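Work through the exercises below with the structure open. Try each task before reading its solution.

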Amino acid sequence: MPFATDRTALELRSLITPSGELEVSLAEVTIAAPGPDEVVVRVEAAPINPSDLGLLFGAADMTTAAVSGTPARPVVTAHVPEAGMKAMAGRLGESMPVGNEGAGVVVEAGSSPAAQALLGKTVALIGGAMYAQYRVIAADQCLRLPDDATPAEGASSFVNPLTALGMVETMKREGHTALVHTAAASNLGQMLQRICLKDGIALVNIVRKPEQVALLKSQGAVHVCDASAPTFMADLTEALVATGATIAFDATGGGPLAGQILGCMEAALVRTATVYSRYGTSTHKQVYLYGGLDTRPTEFRRNFGMAWGMGGWLLFPFLQKIGPAAAQVLKQRVAAELKTTFASRYAGELSLPEVLTLDAIARYNQRATGAKFLIAPHKR
């Protein structure tokens, strides 16, 4: 029995009240016994991904954040502006567990052969509520890690790796041969760069700072464009001419960047067009928005003809679309290349109470390159 006395443990919860206040706290929850096809995982490591921050803090203005409670059980509160309350309507009054993914050791298992096979093994898992000391979960939502892998090494086995692989798979399935990625110096961006180098796929990286250009170039990137440079549009067009990329995945979401990418794709295609058309080139150009680092409205000028598309892309609908068998192939690649292609780096490690300190929030809520943190739920 992994529990010292009873079956209680701590879990991080996020609540937005109908009066417009965010409350993030640690709740004591009862750990249920596993069903036949379930396991109980002692969660040792869970990353704070940008997608987790959206649920953790919602539309709250974190400049108004305050901490109360005790050092062992802190409570963070913050004001949710009236303009953000409409988007929060579906979660008002509901205390929600947080954390998309994590990794740990299976300490209890149900009676089924699949569950029993995982007993004592280190696994990565996905399914929400990972910012907790223990998690009861279906055995088929666990990915057994290599015997020499630690939970910290396997904590980010799903969201970033499968997103990066999903981008490449989407590119192939939609008939493109090269791709563009923004916020490319992130953990995810560096991972995508390693995939493309390994698989021989041309990739155009878009970053926001000169030092990020140097970082990616040092890792073997060929095409890196700095969006802050005065020559950005010309640089991007040249990279698109060189690669033939006609699909992009944009982590920023807002502002003019998505439209700029489409415009440069069209300019690159015009270079090789043999026939003029007032409707633009006939090659389809696609930009998928998969993040919201830029909270401004998405803006674009229609200077890229008529053969184009702009839409949203999310990992879980993509996995559902390709089906369990194809998704399992991607997961097995992640496990096989966990310490190379899919290695993640973190700025630091936080206990559950440390997550709810203003200093820590100021650091991990930057959503900046090099500011990704790992939660260790059993850390004292």
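**Exercise 1.** Place S351 in the chain and decide whether S351 is buried or exposed.

Solution. Start with the secondary structure: helices (H or I, at least four residues) and strands (E, at least two) are DSSP runs, numbered from the N terminus. S351 sits in the loop between β19 (348-350) and α11 (352-355). Next, accessibility: buried means under 20% relative accessible area, exposed over 50%, partly exposed in between (1.4 Å probe, protein chains only). S351 has 5% relative accessibility, so S351 is buried. Finally, contacts (heavy atoms within 4.5 Å): leaving out residues up to four places away in sequence, S351 touches A376 and K379.

The model is predicted: local features need pLDDT of at least 70, side-chain atom pairs count only at pLDDT 80 or more, and totals for chains, interfaces and linings use all residues. Residues are numbered from 1 along each chain as its sequence is written, and side-chain values use heavy atoms, without hydrogens and water.

**Exercise 2.** Characterise the salt bridge between D148 and K339.

Solution. Apply the criterion: a side-chain nitrogen of Lys or Arg within 4 Å of a carboxyl oxygen of Asp or Glu. The closest N and O atoms of D148 and K339 are 3.4 Å apart. D148 lies in the loop between β10 (142-144) and α4 (151-154), K339 in the loop between α10 (315-336) and β19, so the pair ties together parts 191 residues apart in sequence. D148 is exposed at 53%; K339 is partly exposed at 41%. Salt bridges with shared partners join D148, E153 and K339 into one network.
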